[in-house]
Structure formats: C-alpha cells, structure tokens
Amino acid sequence: MRCDAGLTRGWVMMAVGLAAAALFGFGTTSWYDRKGLHRTPAEAKREEPAVPA
C-alpha cells in the first residue's frame, strides 16, 4: 500500500486528535470528581394550565 497522498499523515493526525481528546476528557472528569461536583439536571419549570378567560 502506498501512502504518498498523505494517508499516513491523516491516520497519524487522527490518532493524535483522539489521544488529545481522551486525555482532556479523562482529565476533566477526574478534576470534576476530585472537586466533588455532581452533574444534575435542572428542575423543570412547572407551568400553570391555561384557563380560558
């Protein structure tokens, strides 16, 4: 297989991007857990039923 058209460089750059994203994701998650933060969904705002005038 010939990789003269940049295929090798493309695969290398995809691997570098995947590694950087994984490091950032795991780093952010561990920092978040270390601070004791929890992601909870916001409470849904209850709307009053429409009453005809």
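How much area does the protein chain expose, and what share of it do carbon and sulfur atoms supply? The protein chain exposes about 5,700 Å², of which carbon and sulfur atoms supply 64%; accessible areas follow the Shrake-Rupley method with a 1.4 Å probe, and for residues only the protein chains shown count as cover.

The model is predicted: local features need pLDDT of at least 70, side-chain atom pairs count only at pLDDT 80 or more, and totals for chains, interfaces and linings use all residues. Residues are numbered from 1 along each chain as its sequence is written, and side-chain values use heavy atoms, with hydrogens and water left out.

**View 1. Helix 1 and the residue Gly36.** The protein chain has one helix and zero strands (DSSP runs numbered from the N terminus: helices are H or I, at least four residues; strands are E, at least two). Helix 1 comprises 28 residues, 7-34, and its first and last C-alpha atoms are 40 Å apart, close to the expected 40 Å (1.5 Å times one less than the number of residues). Gly36, which follows helix 1, has a positive phi near 80°.

**View 2. Leu7 and its surface patch.** Leu7 belongs to helix 1 and counts as partly exposed because its relative accessibility is 38% (buried is under 20% relative accessible area, exposed over 50%, partly exposed in between; 1.4 Å probe, protein chains only). Of the 53 residues in the protein chain, 0% count as buried.

**View 3. Ser30 and Gly27.** Ser30 is located in helix 1 and is partly exposed, its relative accessible area being 35%. A polar atom of the Ser30 side chain lies 2.9 Å from the backbone oxygen of Gly27.

Conventions. Polar contact = N/O pair within 3.5 Å; in protein donor to acceptor, adjacent residues only side chain to side chain.
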